[in-house]
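Thanks for coming, everyone. I'll walk through one structure today, and I'll keep it brisk. Please have a look at it first.

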Amino acid sequence: MTDTGWLWIVFTLLAAGAQTVRNAMQRELTATLGTAGATHVRFLFGFPFAVVFLSALVLISGAALPSPVPLFWLWVLLGMGAQVLATALMLTAMGERSFVVTIAYIKTEPVQVALFGLIFLGDRLTPGMVAAILIATAGVVTMSLKPGGSANDSWRPTLLGLSSGAAFALSAVGYRGGILSLELSNYVMAATFTLTAGLAMQAVLLSAWLMWRSPDVMGAIMKAWRPSLFAGFMGATASQFWFLAFALATAASVRTLALVEVLFAQAISSLVFGQRTTRREALGIVLIVAGVALLIWAH
């Protein structure tokens with residue numbers, strides 16, 4: 001594996017760690033800001049940090065900003081719109097099920113992103129990579145099963161989680177499409193510029209919508225600026241690493257490796273929320289680890 005080949009793995013692991021912390025913070029913010037407010041925090045407070053990242057890159061490297069083609073903006077529009085929807089669905093699901101189980105539902109995303117990546121970007125997978133995706137996803141499904149639960153208490157969070165995973169899959173494909181459409185040899189600039197453009201659109205559009213429909217929510221966000229600021233920083237940091245990984249590998253590979261986030265979520269769930277790991281969840285963890293290991297080997 002080349003040095004660049006290893007970099008996407010490092011970027012993905014860093015992104016998964018930062019996103020796990022961000023997800024936990026957003027879950028707590030939902031109690032005071034509601035789903036819309038907690039969703040907007042990652043974009044409104046993440047955008048300034050993205051600008052800092054881009055400015056630092058220009059100053060340090062001396063690279064010029066790209067001149068995007070119209071197709072770039074269509075890709076970013078798909079990515080940012082799907083991400084907003086996915087985040088809102090995720091936070092709603094977290095309000096109805098445990099933190100780790102919600103993440104597990106959402107992480108059925110790799111199968112969906114593999115399909116979307118093939119259709120929209122022509123991203124092809126080797127048989128080993130397909131097997132890795134299926135094994136790791138089987139681990140997620142194993143963790144998400146709830147023996148003895150009634151249909152009434154399981155179908156809604158399941159549907160929310162799966163829908164969130166599909167929206168995250170479309171978002172990943174949209175952002176990777178935007179990065180590739182820039183056709184830059186400097187993948188760091190392509191990733192950082194795409195991130196900044198996406199967060200700018202999200203911050204502006206969601207701020208305008210909330211000020212029109214729920215001005216009280218915008219006021220609550222401003223009052224909770226301290227935790228919101230850190231959540232925004234973690235969100236921007238996670239996104240920066242995601243985008244760097246998307247610039248180097250297929251969206252399906254990145255999002256499959258990102259299933260390690262379930263392991264991070266399990267650790268947070270145990271340490272912070274006091275939820276114990278069952279044998280079923282332990283089996284799911286083993287399958288996820290096996291799938292991720294196979295994915296790395298297949299590359």
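Let's start with one side chain. F246 is buried, because its relative accessible area is 4%, and the cut-off for buried is under 20%. Keep in mind that this is a predicted model.

Who is the partner of F246? F246 forms an aromatic pair with F243. The ring centres are 6.3 Å apart, and the planes meet at 45°. That makes the pair tilted. Both residues sit in helix 10, three residues apart, so about one helical turn separates them. There is a general point behind that. An α-helix has 3.6 residues a turn, so residues three or four places apart point the same way.

Now F243 itself. F243 is buried too, with a relative accessible area of 4%. F243 also has a second aromatic partner, Y175. Here the ring centres are 4.6 Å apart and the planes are at 45°, so this pair is tilted as well. Why tilted? Planes under 30 degrees apart would count as stacked, and over 60 as edge-to-face, so 45° falls in the remaining class.

Where do these two partners sit? Y175 is in helix 7, residues 151-181. F243 is in helix 10, residues 225-248. They are 68 residues apart, and the pair links distant parts of the chain. Y175 is buried, with a relative accessible area of 3%.

Next, the other rings. The total is eight aromatic pairs. One aromatic cluster is formed by F49, F230 and F233. Two arginines also lie over ring faces. R213 lies over the face of W212, at 5.4 Å from the ring centre. R255 does so over W242, at 4.3 Å from the ring centre.

Back to Y175 for a moment. One residue touching Y175 is Q202. Q202 lies in helix 8. Is Q202 buried or exposed? Q202 is buried, because its relative accessibility is 1% and the cut-off is under 20%. Leaving out residues up to four places away in sequence, what else does Q202 touch? The contacts include H40, F43, M80, Q83, V84 and S207.

Helix 8 covers residues 187-213. After it comes a loop, and S214 lies there, between helix 8 and helix 9. S214 is partly exposed, with a relative accessible area of 24%. S214 and A36 are 178 residues apart in sequence. In space, their C-alpha atoms are 9.1 Å apart.

There is another such approach, starting in helix 1. I9 is placed in helix 1, residues 3-44. I9 is buried, at 5% relative accessible area. I9 and S253 are 244 residues apart in sequence, yet 9.3 Å apart from C-alpha to C-alpha.

Now helix 2, residues 47-61. What span should its 15 residues give? At 1.5 Å a residue, they should span 21 Å. The end C-alpha atoms are 21 Å apart, so the two values agree.

Which residues of helix 2 are buried? They are A50, L54 and L57. These cover an arc of only 60° around the axis, so they are on the same side of helix 2. What do they pack against? The answer is helix 8 and helix 10. The face turned away from that buried side carries exposed residues: V52, L59 and I60. Right after helix 2 comes G62, with a positive phi near 75°.

Finally, the whole chain. How many helices and strands are there? The protein chain has 13 helices and zero strands. From the N terminus on, every element in the run is α. Of the 299 residues, 53% are buried.

Then the contacts. Take those between residues at least 6 apart in sequence. Of these, 88% join residues at least 24 apart. And the surface? The chain exposes about 12,800 Å². Carbon and sulfur atoms supply 71% of that area.

To recap on the aromatic side: F243 pairs with F246 inside helix 10, and F243 pairs with Y175 of helix 7. I'm happy to take questions.

Definitions and conventions: Residues numbered from 1 in each chain as written. Predicted model: local features only at pLDDT ≥ 70, side-chain atom pairs only at ≥ 80, totals over all residues. Heavy atoms only, no water. Phe/Tyr/Trp six-rings, centres within 6.5 Å; stacked < 30°, edge-to-face > 60°. Helix = DSSP H or I, 4+ residues; strand = E, 2+ residues; numbered from the N terminus. Buried < 20%, exposed > 50% of the residue type's maximum accessible area, 1.4 Å probe, protein only. Lys NZ or Arg CZ within 6 Å of the ring centre and 35° of its normal. Contact = heavy atoms within 4.5 Å. Areas by Shrake-Rupley, 256 points an atom, 1.4 Å probe, with all protein chains shown as cover. Expected span 1.5 Å × (residues − 1). Arc of directions from axis to C-beta.
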